[in-house]
Amino acid sequence: MEELKSLADLLDLQSVDLEIDRLLHERESLPELASFKETHQRLTAAGQQLEEARGGLRETTLAIDKTNGELEIAEEKLSQEQMRLYAGGLSARDADYLRREVEMLTRKKGEMEEEVLELMERGETQDSEVEAMVADVDELTAAKHNLETAITEAWKGIDGRLAGKEERKASVVPLIDEDLVELYEDLRKAKGGVGVGRLADGVCGGCHLRITEAEEIEVRREDPPRCIHCRRILVV
Ligand SMILES: [Zn+2]
């Protein structure tokens, strides 16, 4: 009689364990977790892209400064040479030399002005790219944060339910023979979480295979009774 009670409690334990398994599975497979992982990856990639784009923009800014500096020097030299040329009093040879020098400097100045313009255009493009990337990063950061909040909330709910089930399990386990619990746990590990079934209408509750009346007599002889097909504990 005592043993039968123990076996019935084992069925209780099995149902609590399945509920715990289901909650643990729910905890690990929240859809928000997959979204969180994806968002995290996208954010990492977007952050790297932004860093690269900022590096490119920095390079352009430095190049603008450098070319502007060179342009200033060239402009100064050009105006000095022009002054010398306009002041006159030079030999024809020197004046000719100076004229060519002025022409060369004027050409160089034009080229540098062109270069500065190109660099500034590039900088503007890079600047708006950086701006768009910052917006992306901000959006992904906010999405990641929202997902974190949703996951924390969902886990809190699941953990509360799990605590209730664990409490119930802790009250059932002491009612069952230790060896029986051990056998049940081993079977659960090996057989997809189900270690015990009820024999109802000649069918094993674990594997759902039929057990004939003759086989049932054999099953009942075992202590504890076990299914001849799947070897799970049977509550007969
Ligand atoms: Zn079975």
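# A zinc site, its surroundings and the buried residues

Modeller: In this predicted model, Glu 101 is in contact with Lys 77 and Glu 81, once its neighbours within four places in sequence are left aside. Glu 101 itself has its place in helix α3, which spans residues 92-172.

Colleague: How do you know whether Glu 101 counts as buried or exposed?

Modeller: Its relative accessibility is 13%, and the word buried applies under 20%, so Glu 101 counts as buried.

Colleague: Leu 98 lies in helix α3 too; what makes you call that residue buried?

Modeller: The relative accessible area of Leu 98 is 1%, which is again set against the limit of under 20%, and therefore Leu 98 is buried. Beyond its neighbours within four places in sequence, Leu 98 is in contact with Glu 81, Arg 84, Leu 85 and Leu 90. Leu 24, by contrast, is 74 residues from Leu 98 in sequence and 88 Å from it in space, C-alpha to C-alpha.

Colleague: Turning to the metal, which protein atoms are the donors of the zinc ion, and what makes them donors?

Modeller: The SG atoms of Cys 204, Cys 207, Cys 227 and Cys 230 lie 2.3 Å from the zinc ion, and sulfur atoms within 2.8 Å of such a metal are taken as donors, so these four cysteines provide the protein donors. Along the sequence, their spacing reads C-x2-C-x19-C-x2-C.

Colleague: Why is the arrangement around the zinc ion called tetrahedral?

Modeller: The 4 donor atoms subtend angles of 106 to 112 degrees at the zinc ion, whereas the label asks that all angles lie between 85 and 135 degrees, and the arrangement is therefore tetrahedral. The ideal angle for four tetrahedral donors is 109.5 degrees.

Colleague: What makes you say that Cys 207 and Cys 227 tie parts of the chain together?

Modeller: Cys 207 lies in the loop between β2 (203-204) and α5 (213-221), while Cys 227 lies in the loop between α5 and β3 (233-235), so the pair links parts that are 20 residues apart in sequence. Cys 227 has 0% relative accessibility and so counts as buried, but Cys 207, at 22%, is partly exposed, because that term covers values between the 20% and 50% limits.

Colleague: Which loop holds His 208, and why does that residue count as exposed?

Modeller: His 208 is found in the loop between β2 and α5, and its relative accessibility of 59% makes it exposed, because that word applies over 50%. His 208 also has a positive phi of about 65 degrees, although it is not a glycine.

Colleague: Where is Asp 201, and how do you know whether it is buried or exposed?

Modeller: Asp 201 sits in the loop between β1 (196-200) and β2, and its relative accessible area is 73%, so Asp 201 is exposed. Its phi, near 50 degrees, is likewise a positive value in a residue other than glycine.

Colleague: What kind of peptide bond joins Asp 223 and Pro 224?

Modeller: That bond is cis, with omega about -5 degrees, and Pro 224 is found in the loop between α5 and β3.

Colleague: Which residues have the most contacts inside the largest nonpolar core?

Modeller: They are Leu 10, Ile 176, Val 196 and Ile 233, in a core of 13 residues. Helix α1 (2-28), helix α4 (178-190) and strand β3 each supply at least two residues of this core.

Notes:
Residues are numbered from 1 along each chain as its sequence is written. This is a predicted model: local features need pLDDT of at least 70, side-chain atom pairs count only at pLDDT 80 or more; totals for chains, interfaces and linings use all residues. Side-chain values use heavy atoms; hydrogens and water are left out. Donors are N, O and S atoms within 2.8 Å of the metal (3.2 Å for Na, K and Ca); water is not among the atoms, so sites may look incomplete. Four donors count as tetrahedral if all angles lie between 85 and 135 degrees; four count as square planar and six as octahedral if opposite donors are over 155 degrees apart and all others between 65 and 115; anything else is irregular. Helices (H or I, at least four residues) and strands (E, at least two) are DSSP runs, numbered from the N terminus. Buried means under 20% relative accessible area, exposed over 50%, partly exposed in between (1.4 Å probe, protein chains only). A nonpolar core is a set of buried Ala, Val, Leu, Ile, Met, Phe, Trp, Tyr and Cys residues joined through side-chain atoms within 4.5 Å. Contact means heavy atoms within 4.5 Å.
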